[in-house]
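Let's take a look at one helix and then at the place where two chains meet. Have the sequence and the model open as you read.

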Amino acid sequence: MPAVTETREQVEKLGQSSYKWGFETDIEMDFAPKGLNEDTIRLISSRKEEPQWLLDWRLAAFAAWQTMEEPTWAKVSHPPIDYQDAYYYAAPKKKAGPKSLDEVDPELLRTYEKLGIPLHEQALLAGVEVPEGEEARMPIAVDAVFDSVSVATTFRKTLAEAGVIFCPISEAVRDYPDLVRQYLGSVVPVGDNFFAALNSAVFTDGSFVYVPKGVRCPMELSTYFRINARNTGQFERTLIIVEDKASVSYLEGCTAPMRDENQLHAAVVELVAMEDASIKYSTVQNWYPGDENGLGGIYNFVTKRGACRGARSKISWTQVETGSAITWKYPSCILQGEGAVGEFYSVAVTNNRQQADTGTKMIHIGRNTRSTIIAKTISAGHSDSTYRGLVRILPKASGARNFTQCDSLLIGDQCGAHTVPYIENRNMAARVEHEATTSKISEDQMFYCRQRGLSEEDAVGLIVNGFCKDVLKELPMEFAVEAQKLLQISLEGSVG
Amino acid sequence: MNAIAPVGRSLAPFEARLDGIEDPIRHAAVGELRRVGLPGPRVEAWRYTHLRPLAGHEFREAAASFDADLVGRALDESLPRDGLLASTPRLVLVNGRFAPELSSPANGVALPEGVTFERFLASPEFDALATPEREPLVALNTALAVDGVCLSVAEGVAAGRIVLVSVAFAGDEAASFHPRHSVSLGAGASLELIELAVSSGSGAGAATYFHNPVLTCDVGEGAKLTHVKVQKEAAGATHLATVYANIATRGAYDSFTLGLGADLARHEVHARLSGAKAAVHVNGAQLLGEKQVGDITSVITHAAPDCISRQTIRNVLTDHARGVFQGKVHVHQIAQKTDGYQMNQALLLSPHAEIDAKPELEIYADDVKCSHGATVGALDDEQLFYLRSRGVPEAQARRILVEAFLLEVLDLHEDEAGRALLDTALGAALSLRIGRLQGAGQDAGEASE
């Protein structure tokens with residue numbers, strides 16, 4: 001079949017060149033010694049000037065982690081990870097914490113500029129200085145996390161006026177200890193799973209968001225994660241609390257330099273939504289995926305979970321997963337409040353030797369809770385992609401409703417696409433529907449596009465975008481544009 | 001609690017019989033069993049079906065002697081003398097041993113020309129299709145199998161129907177039997193195998209017995225094996241069956257399983273489409289009540305191009321019953337143009353019933369059309385209202401809707417005699433679990449919302 005042969009050739013041609021975020025920033029770093037033990041944890045805790053309770057919490061997590069084994073149930077394979085051969089703390093050297101952007105190392109600012117992340121709020125606010133070729137954007141507050149620490153958070157003043165707290169979590173520990181203490185680990189307990197326990201022990205930074213009662217967060221919040229240093233693991237922790245009748249939309253992006261070694265990224269994200277609250281959490285995951293032979297790339301082992309505690313609360317996860325050598329990630333919703341709503345929209349693209357095992361869990365506890373799962377999986381090259389999801393309806397969740405749709409698209413005959421849904425229903429007054437399909441791009445669709453003059457690559461690009469449309473339309477506008485571009489780039493060579 | 005190590009369940013219920021086994025194949029199976037134990041809930045393939053009911057008993061080898069009257073009565077009940085299957089050749093096993101005196105045509109078991117029958121007991125040979133190293137319950141069977149039925153149909157022979165009945169005759173002590181059956185069809189041959197698992201229902205209380213059959217089916221080129229199974233084991237029983245089918249080019253294995261009995265039941269099918277243009281159907285239905293657990297598990301491997309697989313399973317669960325469906329479709333890279341479909345649907349009729357489903361696709365070929373679906377829900381209020389508004393009493397309306405839900409999947413089975421057997425068995429179970437069709441009203445059982 002010529003299309004397949006061509007695709008294969010193109011895949012073979014595809015080099016590292018397409019990952020344009022693969023540069024490295026040369027900046028003076030402060031490392032903790034390699035390896036993981038109690039001393040490392042004490043060091044991290046003292047560097048961050050943490051209170052005793054948090055150190056105890058970390059040590060408890062570490063103790064739990066030591067009794068646990070790495071999970072093996074996911075459909076991914078990698079050489080064993082030596083947890084002692086990595087740095088658990090790496091931060092750009094700095095004097096005191098920067099009070100304003102002017103104090104941030106200009107090298108860092110340049111890095112984020114190169115990544116296209118706006119850290120200059122004034123320029124944006126005024127709507128001037130829009131670099132040529134870039135469209136003017138809506139203002140977005142950004143928390144920029146560089147290796148282990150948050151280097152800058154923009155628009156904090158504007159947000160503070162609205163009552164919204166948006167700051168690095170290490171600052172939140174200092175400034176809002178009660179809030180952090182109340183909620184940290186309340187959604188993902190320290191011993192939840194191997195990687196969450198590891199994160200709880202060594203997490204370094206991340207974002208903290210608190211939206212008080214009745215407040216609609218005035219702008220999109222965003223965290224941009226960047227792994228830069230060698231041999232480091234990145235363990236960020238995000239905690240978002242949205243009170244009654246409040247709402248927030250939060251975006252997350254990430255990139256890393258191109259390296260031959262594998263780096264571990266084990267984050268934990270906890271969301272708490274109270275009565276009538278709504279949280280929209282969007283991710284465009286673009287860690288370095290490794291080269292075409294599977295050398296290098298990030299191991300992205302992430303625990304994300306949201307608790308819909310209040311009645312009618314809503315948590316919506318949208319993710320576009322194009323990067324990482326291995327993705328192991330199941331953003332989940334615990335639907336406790338009556339009428340709570342959980343949503344999961346996902347596009348996962350794997351190419352070359354990438355592996356992805358991703359999906360969601362929807363735990364229906366409260367009455368009339370609803371969840372929707374739309375997962376689109378695209379495999380190309382020699383990659384393997386798995387959707388793994390759980391829908392569990394507990395006995396009290398009368399009137400619960402779930403709809404799940406998982407579609408997989410295979411491009412080329414050397415890749416795999418797998419669907420592993422678990423459906424557990426213990427309530428007769430609940431309705432669960434699940435459907436999944438796996439196919440390749442249909443020749444009819446191709447023919448239709450081709451006979452209207454589209455090149456084969458453009459046609460595939462168009463069809464893939466259409467395939468993902470249900471998910472992409474859930475993304476905030478800027479992200480949707482970026483995600484579409486990313487799709488093109490990650491499938492470059494195998495499709496348009 | 002062992003939080004991490006995947007320690008299996010203890011072999012204690014069978015320990016006494018596993019010692020001193022010398023036959024090398026059986027010995028290897030025992031070694032395998034000792035290594036992994038009986039599967040516990042941490043074994044992925046058994047995460048929803050727990051073998052707890054086996055613990056705490058010591059299963060002895062089931063008695064070879066039985067009360068012929070009671071067994072005869074059980075046979076007559078299941079296969080009425082005036083029924084469609086009355087004159088069909090039947091092979092009867094009691095407690096896992098072939099019973100020539102109950103089989104027909106009498107004693108000699110004259111089967112159609114081209115069909116050879118042998119007892120497993122006569123020359124125990126283990127079919128290579130079975131994989132005791134992967135399925136602990138098959139290892140258990142391999143270690144303890146005494147008898148079974150081995151059928152082979154010669155090339156091009158249309159063998160018609162053969163009934164295979166297993167009657168459990170439970171005594172006072174916990175007993176188990178592990179029959180080993182095999183069916184092989186030469187090129188172009190055909191056979192309709194009708195399998196029935198019943199109990200002689202000898203006496204008071206629940207029967208504690210464990211039926212652990214293994215059936216291997218080798219379907220030759222262009223051959224067709226139709227396999228209907230009706231499982232009506234006694235309350236208190238455990239029925240864990242494993243079927244392996246290998247289907248050659250243009251061959252077909254068309255199966256239907258109806259699960260009604262036993263406290264704990266599992267019908268596990270491993271079908272391998274090893275030749276191009278082969279087809280497999282694994283359809284089934286379960287109607288369970290009380291605290292029954294019924295599990296239908298399938299692994300369908302597409303190892304050749306242009307094959308078709310179809311699975312439609314329907315579950316109706318009342319009281320505290322729990323239904324499990326695990327279906328895996330594995331498409332090898334060579335299996336281009338695969339057409340796979342899988343659908344599992346469940347109706348929950350009680351607030352305590354539960355369904356756990358895991359339909360799974362593992363696909364390595366790109367030019368395929370595979371889909372699966374699953375739905376779970378209660379009876380549709382609007383449908384009930386429709387019937388009620390036309391004067392149908394509620395209990396009867398429920399029965400009509402449940403029956404319709406199950407008949408839709410029974411319709412997938414085309415063989416007339418097999419279908420008649422399914423209908424009879426299902427009708428009785430519906431009356432027991434849902435309520436009778438006529439004059440229902442009062443005895444509708446638990447009709448709570």
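## A helix in chain B

Helix 2 of chain B covers residues 24-36, 13 residues in all. In this predicted model, helix 2 of chain B runs 19 Å from its first C-alpha to its last, close to the 18 Å you'd expect at 1.5 Å a residue. Just after helix 2 of chain B comes G37(B), with a positive phi near 70 degrees.

## Its two sides

Which residues of helix 2 of chain B are buried? They are A29(B), V30(B) and L33(B). Looking down the axis of helix 2 of chain B, you'd find its buried residues within an arc of 100 degrees, so they line one face of the helix. Part of the cover over the buried residues of helix 2 of chain B comes from helix 1 (15-18) and helix 4 (136-144) of chain B.

Flip to the face of helix 2 of chain B turned away from the buried side, and you'll meet the exposed residues P24(B) and R35(B).

## Where chains A and B touch

The contact draws on 30 residues from chain A and 33 residues from chain B. On the chain A side, strand 22 (401-411), strand 23 (416-425) and strand 24 (431-440) each chip in at least two residues. The chain A residues that touch chain B split into 13 nonpolar, nine polar and eight charged.

## Strands pairing across the chains

Strand 23 of chain A pairs with strand 21 (residues 354-363) of chain B, antiparallel, over six bridges. To pick out one spot, find E424(A): opposite it stands D356(B), in strand 21 of chain B.

Definitions and conventions: Residues numbered from 1 in each chain as written. Chains lettered and ligands numbered in written order. Predicted model: local features only at pLDDT ≥ 70, side-chain atom pairs only at ≥ 80, totals over all residues. Helix = DSSP H or I, 4+ residues; strand = E, 2+ residues; numbered from the N terminus. Expected span 1.5 Å × (residues − 1). Buried ≥ 20, exposed ≤ 12 C-beta atoms within 10 Å, placed from the backbone. Arc of directions from axis to C-beta. Contact = placed C-beta atoms within 7 Å. Nonpolar A, V, L, I, M, F, W, Y, C, P; charged D, E, K, R; others polar. Pairing = 2+ DSSP bridges.
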